[in-house]
Amino acid sequence: DYLIIIIISPKYYETVTASPVGLESDERTFNTVYIHKQLQNEFIQNGSKNFRFIPIVFPGARRQCHVPNWLQNTHVYAWPRDCDDILRRLMRVEKYYPPPIGPLPTI
């Protein structure tokens, strides 16, 4: 049960959405596209439910423009604004705890 951090930047978006013809043919680009497709396949196989991915938008990127379509309907964090929430997610700690259940009312 590992969590996967997906760092989203304009360069990442450009790399994973470019046509194969227009891509640079270096190993970094090939690996980035390959991993992106693997993540997307896992997401689809899970019924489009996000169990492991932590998408983080870095400065210079915008959620509406640079987050891949398949991640648009999941919680996307902004770095550094959501730093505390990212740490909570990584540590699997809830932000809010429900209040304790009180005594049953008498009728």
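In the predicted model, Phe30 and Tyr34 both belong to helix H2, where a spacing of four residues places them about one turn of the helix apart. The ring centres of Phe30 and Tyr34 are separated by 6.5 Å and the ring planes meet at 15°, so the two rings are classed as stacked. The relative accessibility of Phe30 is 58%, and this residue therefore counts as exposed. Tyr34, with a relative accessibility of 47%, falls in the partly exposed class.

A stacked arrangement is also found for Phe58 and Trp79, whose ring centres lie 6.1 Å apart with an angle of 20° between the planes. This pair connects distant parts of the chain, 21 residues apart: Phe58 is located in the loop between E2 and helix H3 (63-66), and Trp79 in the loop between E3 and H4. Phe58 is partly exposed, at 30% relative accessibility. Trp79 is likewise assigned to the partly exposed class, at 37%. In total, four aromatic pairs are counted in the model. Ring pairs also join Phe43, Phe53 and Trp70 into a cluster.

Phe53, a member of that cluster, is also part of strand E2, which spans residues 53-57. Strand E2 is mostly covered, with five of its five residues buried. In general, the side chains of a regular strand alternate between the two faces of the sheet. In E2, Phe53, Pro55 and Val57 point one way, whereas Ile54 and Ile56 point the other way, and burial extends to all of these residues. Strand E1 (residues 4-8) presents another pattern of cover, described by its alternating side chains. Ile4, Ile6 and Ile8 are directed to one face and are buried, while Ile5 and Ile7 are directed to the other and are not buried.

The pairing of the strands places E2 in contact with E1 and with E3. Strands E1 and E2 pair in the parallel sense through five bridges. Among the bridge partners, Ile6 is matched with Pro55 of E2, and Ile8 is matched with Val57 of E2. Strand E3 (residues 77-78) is joined to E2 by two bridges, and these strands also run parallel. Val57 has Ala78 as its bridge partner in E3. Val57 is thus bridged both to Ile8 and to Ala78.

The two residues of E1 that are not buried, Ile5 and Ile7, contribute to a nonpolar patch on the surface. The patch further comprises Phe58, Trp79, Leu87, Leu90, Met91, Val93 and Tyr97, and the accessible area of its residues together is about 840 Å². E1 and H4 are the elements that supply two or more residues to the patch. The greatest contribution is that of H4, with three residues. Met91 is located in helix H4 and is exposed, with a relative accessible area of 62%. Both rings of the stacked pair Phe58 and Trp79 belong to residues of this patch.

Several features of the backbone were also noted. In general, most residues other than glycine have a negative phi, and most peptide bonds are trans. The peptide bond between Trp79 and Pro80 is cis, with omega at about 5°. Pro80 is located in the loop between E3 and helix H4 (83-91). Trp79, on the other side of this cis bond, is the residue whose ring stacks with that of Phe58.

Positive phi values are found at Ser48 and Arg92, neither of which is a glycine. For Ser48, phi is near 60°, and the residue is located in the loop between helix H2 (27-45) and E2. The relative accessibility of Ser48 is 48%, and this residue therefore counts as partly exposed. For Arg92, phi is also near 60°, and the residue is found in the segment after H4. Arg92 has a relative accessibility of 51% and so counts as exposed.

Methods. Residues numbered from 1 in each chain as written. Predicted model: local features only at pLDDT ≥ 70, side-chain atom pairs only at ≥ 80, totals over all residues. Heavy atoms only, no water. Buried < 20%, exposed > 50% of the residue type's maximum accessible area, 1.4 Å probe, protein only. Pairing = 2+ DSSP bridges. Patch = residues over 30% accessible without salt bridge, like charges linked within 9 Å, V, L, I, M, F, W, Y side chains within 5 Å. Areas by Shrake-Rupley, 256 points an atom, 1.4 Å probe, with all protein chains shown as cover. Salt bridge = Lys/Arg side-chain N within 4 Å of Asp/Glu carboxyl O. Phe/Tyr/Trp six-rings, centres within 6.5 Å; stacked < 30°, edge-to-face > 60°.
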